[in-house]
Amino acid sequence: MRCLPLRRLHAPLAVLVAVAALGSCAGRVDPIEVATVPAPEVTLPMRPGSARFAVLGDTGTGGSAQYRVAARLAAAHSRFPFEFVLLVGDNLYGSERPRDYETKFAVPYKPLLDAGVKFYASLGNHDDTNQILYKPFNMDGKRFYTFRPRANLRFFALDSNYMSPEQLEWLEKGLSGSTSDWKIAFFHHPLYSGGRHGSDIRLRQTLEPLFVKHAVDVVFCGHEHYYERIAPQKGIYYFTTGGAAKLRQGDIDRSADFHVAGFDDGYHFMLVEIDRDELHFQVISDEGRTVDAGMIRRRATPAAAS
Amino acid sequence: MTSKYSLVALVMLLALPGCATREARTVPDGVALADFDRRIKAYAALRDELEGGAGRLTETAEPDEIAAAERALAARIQEARATARRADIFTPPIERRFRSLLNPHLRGVRGQNTRGIIRDEGPNAGGFPFTVNGSYPKQQPLGSVPPDLLASLPPLPEDLEYRFIDKHLILRDARANLIVDFIPNAIS
Ligand SMILES: [Fe+2]
């Protein structure tokens, strides 16, 4: 069967039709009426002029959970119009044929892409390195890159699969030269984790001294298929958000001394808002329920996440 | 013409391999690493030259173009290196040097940790069949390499990388998605 020309369809209808069509094309996705997914309650401050973004991890299954989370995220966008999305890796699981870029990315996030939301990807262990050439991932053809959506905000996307001396040198130079108030890093493998993969100690030994030295504020990772918030480590806040399409129920070891909050009962996504020295976050399940929320104050004042 | 001759020269250089076999135990480490550097740069030069004809792909919104460019480059390399075999680059003296560089990362608790990271969501135990000049299967994950281990290995030209398939260290051409050479049981 020939797949439908999705790009020409009206956004919500396109997704609905696409999901139905993919049942035949990909053979494993059930139809979901995206248009009927209600927007979740969004409680971020939503202050005028704030920077707004979402964070998704371990997305690229092309399965019904990915589509469900994507639909909820698109619904959330109507209430909380974020400008961009960070992808913390495993953007395309399994095969990476051209049509997989469609079924595992372009189709589920079509309403957001059509609304002008930019995606910034990092590479996970399931990602072919040539994903860097895919324009909608905005990686500038590089495995590690930086962008500055606002004068006070700089992001560093890292390739944690392959932390080469070249990448570390680039990172040190970028961090030391950044004059932005907020420095945020995102990559795939968590430095602190209560999950089955556990903390990547060797990566931590390599990256943490740089993060501390150059005052990185927040780090977003994936790889573990759940949500976890880590107690500030040497002044840095870590979030693991790898449950936007895959889930390992009951996987979080809540006895770990760095564990603060977690959600491993369902899929999720993160919404983030930065207003001057405050970073607000809200974690929402695929069912639209808020499972964690809080505020981080930049290091100039004592940090506090609620 | 010049281009053709230089290609032939590069292919010949890459085909030099086996001559070093009997010298495995006598080549000094520095010489082995210099030889590795020469061989890997020759490969990269060949790859870049072959890519020159096709034009290097830049960012595109069309995944078809990415796949087509990768396939075209891989086909050219495979053709130019049709006789490539294991140890063309990791000659015995170079392999011996690499094993000594890897060794400190494989002992005791640190060694367990190294193996754990490499196997954590990398290719499954036992890996999968692979060959020199063959593609890295897209459906297989690309396992992480510990940063300190990476730092102790010789630097590589752009878009060439060290990876592990189970216990085997491979040299992967990321642009063409090809396995250039490998050291079997490098971390066994
Ligand atoms: Fe992963």
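**Close-up views of the iron site and its surroundings**

**View 1. Donor spacing along the chain.** The donors of the iron ion are spaced as D-x34-N-x62-H-x34-H in sequence. One pair bridges distant parts of the chain: A:Asn125 and A:His223 are 98 residues apart. A:Asn125 sits in the loop between strand S3 (118-121) and strand S4 (145-150) of chain A. A:His223 sits in the loop between strand S7 (218-221) and strand S8 (227-233) of chain A. Both A:Asn125 and A:His223 are buried. The model is predicted.

**View 2. The iron ion and its protein donors.** A:Asp90 donates through OD and A:Asn125 through OD1. A:His188 uses NE2, whereas A:His223 uses ND1. These donors lie 2.2 to 2.3 Å from the iron ion. Why is the arrangement irregular? The 4 donor atoms subtend angles of 82 to 162°, whereas a tetrahedral call needs all angles between 85 and 135 degrees.

**View 3. A:Asp251 and its contacts.** A:Asp251 belongs to the loop between strand S9 (236-241) and strand S10 (259-263) of chain A. Its relative accessible area is 14%, so A:Asp251 counts as buried. Beyond its neighbours within four places in sequence, A:Asp251 contacts A:Gly194, A:Gly195 and A:Arg196. A:Glu224, A:Tyr226 and A:Asp264 are also in contact with A:Asp251.

**View 4. Chain A as the setting.** Chain A holds 6 helices and 13 strands. Of its 306 residues, 64% are buried. Among contacts in chain A with a separation of 6 or more, 68% join residues 24 or more positions apart. The exposed area of chain A is about 10900 Å². Carbon and sulfur atoms supply 50% of that area.

Methods: Residues numbered from 1 in each chain as written. Chains lettered and ligands numbered in written order. Predicted model: local features only at pLDDT ≥ 70, side-chain atom pairs only at ≥ 80, totals over all residues. Heavy atoms only, no water. Donors = N, O, S within 2.8 Å, 3.2 Å for Na, K, Ca; no water. Tetrahedral: all angles 85-135°; square planar, octahedral: opposite > 155°, others 65-115°. Helix = DSSP H or I, 4+ residues; strand = E, 2+ residues; numbered from the N terminus. Buried < 20%, exposed > 50% of the residue type's maximum accessible area, 1.4 Å probe, protein only. Contact = heavy atoms within 4.5 Å. Areas by Shrake-Rupley, 256 points an atom, 1.4 Å probe, with all protein chains shown as cover.
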